[in-house]
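The following exercises concern the cysteines and one enclosed helix of a protein chain. Please work through each task before reading its solution.

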Amino acid sequence: MSFLRFIIAIFFLVSIFGGSNAHYKLSPTFYDCTCPNVIDIVRGVMEKIQRRDVRAGAKIIRLHFHDCFVNGCDGSILLDNASGIVSEKDANPNVGAGGFDIVDEIKTALENECPSVVSCADILALASEIGVVLAGGPSWQVPLGRRDSLTANRSGANSDIPSPTETLAVMIPQFTRKGLDLTDLVALSGAHTFGRARCRTFNQRLFNFSGSGRPDPTIDPNYLKTLQRLCPQGGNGGTFANLDKSTPDEFDNYYFTNLKNHQGLLQTDQELFSTSGSGTIAIVANYANNQHKFFDDFVCSMIKLGNISPLTGTNGEIRKDCKRIN
């Protein structure tokens, strides 16, 4: 090799792997050499947990979404309170969130096979895909190569993660600021086709909506009675209700059929179909009639979500324990 070609080769390698991470891209093959069994290991743990907890997939995908909406997909949501770290777990949108034990179990299995190789941020992304598949949803190749943050952002979690009581006018800019469009908003909301929500996240719709002294008028009357019995005034706000009343543990398009029937559980769900003049209405109707289209768009939106500002290259670290920095 000539000296000139040698210099060019060195410059090329430095531009990719050196001080800047600008050229780095996530890839489904990232761990092919360093942890070739990563997918099988994560799937094995998820399958085992799914047998004892049907909500496993829904818990993990919620953590992944909440993680990516705060400083990008960097595993910051998993950090406990520590010196210099104010945990996002205590932010209002994350209070009562489950799935942290699932991440820990997956991480332990990976550390036994590939110590200090697979990031916690990648665990969230990969386990989300596997959880969707185990519930009957679509599969996709998950881009990998994220690294873990060295800090958390509780204030960001409180401001950036959509509340279940938001209007569509508030949600749309929350998504667009992350590079996600109207289709992504509706498709990702479709993850509420499985899982549960506590009464306190929607009981404001049942009796005194927006201070009116009356229930939310967009709720189907029969569905309203069912929810009022489950979540009476002054009752236990921690009681769980199915996000999808039709097929609560399956990943399908019935969530969107429910919205057309005014049977969305959360205000943020029903807003997608009941906000007059919104472009989301046609998307909901399309998904309700075409599960294949929903699955295709959901996969694209999940990949976009997972690409929000990841730490790569030499930024961040690979945590040995997802709850704390090394």
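**Exercise 1.** Determine how Cys35 and Cys114 are placed and linked.

*Solution.* Cys35 and Cys114 are both buried, where buried means under 20% relative accessible area, exposed over 50% and partly exposed in between (1.4 Å probe, protein chains only). The model is predicted: local features need pLDDT of at least 70, side-chain atom pairs count only at pLDDT 80 or more, and totals for chains, interfaces and linings use all residues. Residues are numbered from 1 along each chain as its sequence is written, and side-chain values use heavy atoms, leaving out hydrogens and water. Next, the sulfur atoms of Cys35 and Cys114 lie 2.1 Å apart and form a disulfide, defined as a pair of cysteine sulfur atoms within 2.5 Å. The link of Cys35 and Cys114 is right-handed, with 75 degrees about the S-S bond.

**Exercise 2.** State which handedness the link of Cys199 and Cys231 has.

*Solution.* The sulfur atoms of Cys199 and Cys231 are joined at 1.9 Å. With -65 degrees about the S-S bond, this link is left-handed. Both Cys199 and Cys231 are buried.

**Exercise 3.** Explain why Cys33 is not bonded to Cys35.

*Solution.* The closest cysteine sulfur to that of Cys33 is in Cys35, 11 Å away, which is too far for a bond. Cys33 is exposed, at 77% relative accessibility.

**Exercise 4.** Decide whether helix α8 is largely enclosed or not.

*Solution.* Helices are DSSP runs (H or I, at least four residues), numbered from the N terminus. Six of the eight residues of α8 (residues 182-189) are buried, so the helix is largely enclosed by the rest of the structure. Among the buried residues are Asp184 and Leu185.

Technical notes: Helix = DSSP H or I, 4+ residues; strand = E, 2+ residues; numbered from the N terminus.
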